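User: Could you take a close look at the salt bridges in this one for me? I'd like to know where they sit and how exposed their partners are.

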Amino acid sequence: MDNSRIQLQRAKVTVNATLMQLDYLLELINKLNMTDKQRENIRQQIHNIKVNNAGAVAMIDATNVMPVISQAI
């Protein structure tokens, strides 16, 4: 496996770890005293981060499918 693929794999692992941390953060938020509106605002921001991370994972996966330019030469 060449260096660029290793870096992409590390990026994917990092993004997936972020998603797990966000799930844990949601659990903690549910235990805090705050208004429903505050809780919903935080949940919405976490949801937005998850959507962005899912997009990043999809882009990483798409990059892994395409041949690296240096390999095509």
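Analyst: Let's start with aspartate 36, which counts as exposed because its relative accessibility is 64% and the cut-off for exposed is over 50%. Keep in mind that this is a predicted model. The side chain of aspartate 36 meets that of arginine 39 in a salt bridge, with N to O at 3.8 Å. That pair stays inside helix α2: the two residues are 3 apart, about one turn of the helix. Arginine 39, on the other hand, counts as buried, because its relative accessibility is 12% and buried means under 20%. So this bridge pairs an exposed aspartate with a buried arginine.

A search of the whole structure turns up 3 salt bridges, so what about the others? Take lysine 50 and aspartate 23, whose closest N and O atoms are 2.3 Å apart. Lysine 50 is in helix α2 and aspartate 23 in helix α1, so this bridge ties together parts 27 residues apart in sequence. Both ends are partly exposed: lysine 50 has 23% relative accessibility, and aspartate 23 has 37%.

Then there's aspartate 61 with lysine 12, a salt bridge at 2.7 Å, N to O. This one also links distant parts of the chain, with aspartate 61 in helix α2 (residues 36–65) and lysine 12 in helix α1 (residues 3–31), 49 residues apart. Aspartate 61 is partly exposed, at a relative accessible area of 30%.

How values were computed
Residues numbered from 1 in each chain as written. Predicted model: local features only at pLDDT ≥ 70, side-chain atom pairs only at ≥ 80, totals over all residues. Heavy atoms only, no water. Salt bridge = Lys/Arg side-chain N within 4 Å of Asp/Glu carboxyl O. Helix = DSSP H or I, 4+ residues; strand = E, 2+ residues; numbered from the N terminus. Buried < 20%, exposed > 50% of the residue type's maximum accessible area, 1.4 Å probe, protein only.
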